[in-house]
Amino acid sequence: MLLQRDRSDTPEQRYQAWLSRGHAEQAEAYRRYLRAQRVDDVLPLRQSPRSGRHWRRCGAAEFVVPPKQLWAATVPSLRLIRELRAQGWLNGATVESAYRDEAFNHCEGGARLSRHRHGGAYDFDLAADVPVQALCAFWRRRGAATGFGLGFYDRRHIHVDTAGFRTWGEDFSRKTSLCRGSARGGPAVPRTL
(Lines give C-alpha, C1' and ligand atoms only; values in the text may rest on other atoms or scores of the structure.)
Protein backbone atom coordinates (compact mmCIF):
# COMPACT_ATOMS: atom_id res chain seq x y z
CA MET A 1 0.00 0.00 0.00
CA LEU A 2 1.64 3.23 -1.10
CA LEU A 3 1.17 6.12 1.26
CA GLN A 4 1.45 9.85 0.85
CA ARG A 5 5.05 10.85 1.52
CA ASP A 6 5.46 13.11 4.52
CA ARG A 7 8.35 15.57 4.19
CA SER A 8 7.96 17.24 7.62
CA ASP A 9 11.20 18.35 9.18
CA THR A 10 11.42 16.26 12.35
CA PRO A 11 10.25 12.83 13.51
CA GLU A 12 8.08 14.58 16.10
CA GLN A 13 6.37 16.70 13.41
CA ARG A 14 5.88 13.61 11.24
CA TYR A 15 4.45 11.71 14.22
CA GLN A 16 1.99 14.52 14.98
CA ALA A 17 0.97 14.63 11.30
CA TRP A 18 0.46 10.84 11.34
CA LEU A 19 -1.75 11.13 14.43
CA SER A 20 -3.81 13.86 12.77
CA ARG A 21 -4.44 11.63 9.74
CA GLY A 22 -6.73 9.34 11.73
CA HIS A 23 -4.30 7.34 13.89
CA ALA A 24 -4.75 9.15 17.22
CA GLU A 25 -7.38 6.76 18.58
CA GLN A 26 -5.35 3.65 17.75
CA ALA A 27 -2.16 5.20 19.19
CA GLU A 28 -4.01 6.16 22.35
CA ALA A 29 -5.40 2.61 22.77
CA TYR A 30 -1.85 1.26 22.40
CA ARG A 31 -0.55 3.79 24.94
CA ARG A 32 -3.31 2.79 27.41
CA TYR A 33 -2.36 -0.88 26.99
CA LEU A 34 1.31 -0.13 27.61
CA ARG A 35 0.36 1.98 30.62
CA ALA A 36 -1.71 -0.86 32.07
CA GLN A 37 1.36 -3.09 31.68
CA ARG A 38 3.53 -0.38 33.32
CA VAL A 39 5.84 -0.03 30.33
CA ASP A 40 4.50 3.17 28.76
CA ASP A 41 7.45 5.15 30.13
CA VAL A 42 10.19 3.04 28.50
CA LEU A 43 10.17 4.64 25.04
CA PRO A 44 8.78 7.95 23.85
CA LEU A 45 5.42 7.17 22.24
CA ARG A 46 6.59 8.60 18.91
CA GLN A 47 9.46 6.06 18.83
CA SER A 48 7.57 2.94 19.87
CA PRO A 49 5.63 2.61 16.58
CA ARG A 50 8.56 3.39 14.23
CA SER A 51 8.30 0.99 11.31
CA GLY A 52 11.77 1.03 9.80
CA ARG A 53 14.64 2.98 8.30
CA HIS A 54 13.50 2.73 4.68
CA TRP A 55 9.85 3.69 5.06
CA ARG A 56 10.10 6.42 2.42
CA ARG A 57 11.88 4.23 -0.16
CA CYS A 58 9.40 1.42 0.45
CA GLY A 59 6.31 3.64 0.34
CA ALA A 60 5.34 2.55 3.86
CA ALA A 61 4.08 4.47 6.84
CA GLU A 62 6.83 5.72 9.16
CA PHE A 63 4.66 4.91 12.18
CA VAL A 64 2.56 1.78 12.64
CA VAL A 65 0.80 0.53 15.74
CA PRO A 66 1.19 -3.25 15.78
CA PRO A 67 -1.98 -5.34 15.46
CA LYS A 68 -3.64 -5.72 18.85
CA GLN A 69 -2.94 -9.47 19.00
CA LEU A 70 0.80 -8.68 19.03
CA TRP A 71 0.74 -6.11 21.83
CA ALA A 72 1.57 -8.67 24.55
CA ALA A 73 4.81 -9.60 22.74
CA THR A 74 5.98 -6.01 23.19
CA VAL A 75 5.81 -6.02 26.99
CA PRO A 76 8.77 -8.33 27.83
CA SER A 77 10.95 -6.49 25.34
CA LEU A 78 10.05 -3.11 26.83
CA ARG A 79 10.87 -4.44 30.30
CA LEU A 80 14.27 -5.55 29.03
CA ILE A 81 14.79 -2.20 27.31
CA ARG A 82 14.06 -0.53 30.67
CA GLU A 83 16.91 -2.59 32.18
CA LEU A 84 19.22 -1.63 29.33
CA ARG A 85 18.34 2.05 29.80
CA ALA A 86 18.99 1.78 33.55
CA GLN A 87 22.49 0.50 32.73
CA GLY A 88 23.02 3.51 30.45
CA TRP A 89 23.48 1.52 27.24
CA LEU A 90 20.56 3.17 25.45
CA ASN A 91 21.21 6.76 26.56
CA GLY A 92 20.36 8.97 23.61
CA ALA A 93 19.41 5.96 21.46
CA THR A 94 16.54 6.19 19.01
CA VAL A 95 14.28 3.42 17.78
CA GLU A 96 14.67 3.05 14.05
CA SER A 97 12.52 -0.04 13.57
CA ALA A 98 9.85 -1.82 15.58
CA TYR A 99 6.79 -3.63 14.15
CA ARG A 100 6.82 -4.24 10.37
CA ASP A 101 4.16 -5.95 8.31
CA GLU A 102 5.22 -8.64 5.82
CA ALA A 103 5.42 -6.39 2.76
CA PHE A 104 7.44 -3.67 4.45
CA ASN A 105 9.65 -6.22 6.21
CA HIS A 106 10.52 -7.67 2.79
CA CYS A 107 11.30 -4.22 1.33
CA GLU A 108 13.29 -3.28 4.44
CA GLY A 109 15.50 -6.33 3.90
CA GLY A 110 14.24 -8.23 6.95
CA ALA A 111 14.28 -12.00 7.12
CA ARG A 112 11.19 -14.01 6.29
CA LEU A 113 10.92 -15.02 9.97
CA SER A 114 11.80 -11.55 11.28
CA ARG A 115 10.84 -10.90 14.90
CA HIS A 116 9.78 -7.43 13.76
CA ARG A 117 6.74 -9.09 12.16
CA HIS A 118 5.67 -10.61 15.48
CA GLY A 119 6.03 -7.64 17.82
CA GLY A 120 8.59 -6.95 20.50
CA ALA A 121 11.66 -6.41 18.29
CA TYR A 122 13.45 -3.06 18.25
CA ASP A 123 16.40 -1.77 16.25
CA PHE A 124 18.25 1.09 17.92
CA ASP A 125 20.62 3.69 16.59
CA LEU A 126 22.88 4.46 19.52
CA ALA A 127 24.07 7.97 20.34
CA ALA A 128 27.63 6.76 20.92
CA ASP A 129 29.61 3.56 20.95
CA VAL A 130 28.28 1.24 23.61
CA PRO A 131 30.82 -0.40 25.92
CA VAL A 132 30.36 -3.69 24.08
CA GLN A 133 32.05 -5.95 26.62
CA ALA A 134 29.83 -4.62 29.42
CA LEU A 135 26.71 -5.03 27.25
CA CYS A 136 27.79 -8.57 26.36
CA ALA A 137 28.39 -9.37 30.04
CA PHE A 138 24.84 -8.17 30.79
CA TRP A 139 23.52 -10.26 27.88
CA ARG A 140 25.31 -13.35 29.27
CA ARG A 141 24.05 -12.68 32.80
CA ARG A 142 20.39 -11.82 31.95
CA GLY A 143 19.92 -13.33 28.50
CA ALA A 144 18.66 -16.79 29.40
CA ALA A 145 16.20 -15.44 31.98
CA THR A 146 14.78 -12.75 29.70
CA GLY A 147 15.07 -14.42 26.28
CA PHE A 148 17.39 -11.59 25.27
CA GLY A 149 18.19 -11.62 21.58
CA LEU A 150 21.01 -9.18 20.88
CA GLY A 151 22.06 -8.42 17.33
CA PHE A 152 24.84 -6.11 16.20
CA TYR A 153 24.68 -4.47 12.80
CA ASP A 154 27.79 -2.62 14.02
CA ARG A 155 28.82 -0.92 17.29
CA ARG A 156 26.23 1.86 16.89
CA HIS A 157 23.26 -0.14 15.55
CA ILE A 158 21.73 -2.97 17.55
CA HIS A 159 18.65 -5.21 17.58
CA VAL A 160 16.91 -6.14 20.85
CA ASP A 161 14.09 -8.64 21.35
CA THR A 162 12.93 -11.23 23.87
CA ALA A 163 12.28 -14.09 21.45
CA GLY A 164 15.14 -16.25 22.73
CA PHE A 165 18.64 -16.09 24.19
CA ARG A 166 20.91 -15.62 21.18
CA THR A 167 23.31 -13.19 19.59
CA TRP A 168 24.46 -12.43 16.06
CA GLY A 169 26.43 -9.96 14.02
CA GLU A 170 26.35 -8.30 10.65
CA ASP A 171 26.01 -11.55 8.68
CA PHE A 172 23.23 -12.76 11.03
CA SER A 173 25.43 -15.50 12.49
CA ARG A 174 26.82 -15.90 15.98
CA LYS A 175 30.38 -15.93 14.64
CA THR A 176 30.20 -12.21 13.80
CA SER A 177 28.51 -11.12 17.04
CA LEU A 178 30.48 -8.67 19.13
CA CYS A 179 29.63 -11.02 22.06
CA ARG A 180 31.20 -14.05 20.35
CA GLY A 181 34.11 -14.33 22.77
CA SER A 182 31.84 -15.52 25.57
CA ALA A 183 32.23 -18.93 27.10
CA ARG A 184 28.45 -19.27 27.39
CA GLY A 185 27.33 -17.60 24.20
CA GLY A 186 23.83 -18.93 23.66
CA PRO A 187 22.74 -20.86 20.61
CA ALA A 188 23.28 -19.99 17.00
CA VAL A 189 20.53 -17.86 15.54
CA PRO A 190 18.48 -18.36 12.40
CA ARG A 191 18.08 -15.22 10.32
CA THR A 192 15.00 -13.73 12.01
CA LEU A 193 15.68 -10.02 12.08
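Strand 4 is largely enclosed by the rest of the structure, because 4 of its 5 residues are buried. This strand makes a convenient starting point for a tour of the model, which is a predicted one. The paragraphs below move outwards from strand 4 to the sheet, then to the helices, the aromatic rings and one loop residue.

Strand 4 has a partner on either side in the sheet order 1-2-4-3-5. One of these partners is strand 3: the two run antiparallel, with 5 bridges between residues 149-154 of strand 3 and residues 157-161 of strand 4. The connection from strand 3 to strand 4 is a hairpin of 2 residues. Within this pairing, Leu150 has Val160 of strand 4 as its bridge partner, and Asp154 is placed opposite His157 of strand 4. The other partner is strand 2 (residues 122-125), which is also antiparallel to strand 4 and is held to it by 4 bridges. His157 appears here as well, as the bridge partner of Asp125. His157 of strand 4 thus faces Asp154 and is bridged to Asp125.

Strand 3 also pairs with strand 5 (residues 166-168), through 3 bridges, and these two strands run parallel. Leu150 takes part here too, standing opposite Thr167 of strand 5. Leu150 of strand 3 can therefore be followed in both directions across the sheet, to Val160 in strand 4 and to Thr167 in strand 5, where strands count as paired with at least two bridges between them. Taken as a whole, the 5 strands make an open sheet with mixed pairing. Its edges are strand 1 (94-97) and strand 5, each of which pairs on one side only. From one strand to the next, the twist averages 25°. Helix 5 (residues 132-146) packs on this sheet, where it touches strand 3 and strand 5, and its direction makes about 160° with that of strand 3.

It helps to set these pieces in the overall layout. The protein contains 5 helices and 5 strands, and along the sequence they follow the pattern α-α-α-β-α-β-α-β-β-β. Of its 193 residues, 48% count as buried. Among contacts between residues at least 6 apart in sequence, 64% join residues at least 24 apart.

Besides packing on the sheet, helix 5 meets helix 3. Their axes come within 12 Å and cross at roughly 155°, which makes helix 3 roughly antiparallel to helix 5. Helix 3 passes helix 5 in a right-handed crossing. Leu80, Glu83 and Leu84 of helix 3 make this contact with Leu135, Phe138, Arg142 and Thr146 of helix 5.

Helix 3 also meets helix 1. In this case the axes come within 11 Å and cross at roughly 50°, so helix 1 and helix 3 are oblique to each other. Here, too, the crossing is right-handed. On the helix 1 side the contact involves Ala29, Tyr30, Tyr33 and Leu34, and on the helix 3 side Trp71, Ala72, Thr74, Val75 and Leu78.

Two of these contact residues bring the aromatic rings into view. A pair of aromatic rings is described by the distance of the centres and the angle of the planes. The count for the protein comes to 9 aromatic pairs. In one of them, the ring centres of Tyr30 and Trp71 are 5.2 Å apart and the planes lie at 55°, so the pair is tilted. Because Tyr30 belongs to helix 1 (residues 11-36) and Trp71 to helix 3 (residues 71-86), the pair ties together parts that are 41 residues apart in sequence. Both Tyr30 and Trp71 are buried. Elsewhere, ring pairs link Tyr15, Trp18 and Phe63 into a cluster.

Phe63 leads on to the last site, Ser51, as Phe63 is among the residues that Ser51 touches. Ser51 lies in the loop between helix 1 and helix 2 (55-58). How exposed or buried is Ser51? With a relative accessible area of 1%, Ser51 is buried, since the cut-off for this class is under 20%. Leaving aside residues up to four places away in sequence, the contacts of Ser51 are Ala61, Glu62, Phe63, Val64, Glu96, Ser97, Ala98, Tyr99, Arg100 and Phe104.

Definitions and conventions. Residues numbered from 1 in each chain as written. Predicted model: local features only at pLDDT ≥ 70, side-chain atom pairs only at ≥ 80, totals over all residues. Heavy atoms only, no water. Phe/Tyr/Trp six-rings, centres within 6.5 Å; stacked < 30°, edge-to-face > 60°. Buried < 20%, exposed > 50% of the residue type's maximum accessible area, 1.4 Å probe, protein only. Axes fitted to C-alpha atoms, helices over the stretch in contact; angles between N-to-C directions. Contact = heavy atoms within 4.5 Å. Parallel < 35°, antiparallel > 145°, perpendicular 65-115°, else oblique. Left-handed = near helix turned anticlockwise from the far one by under 90°.
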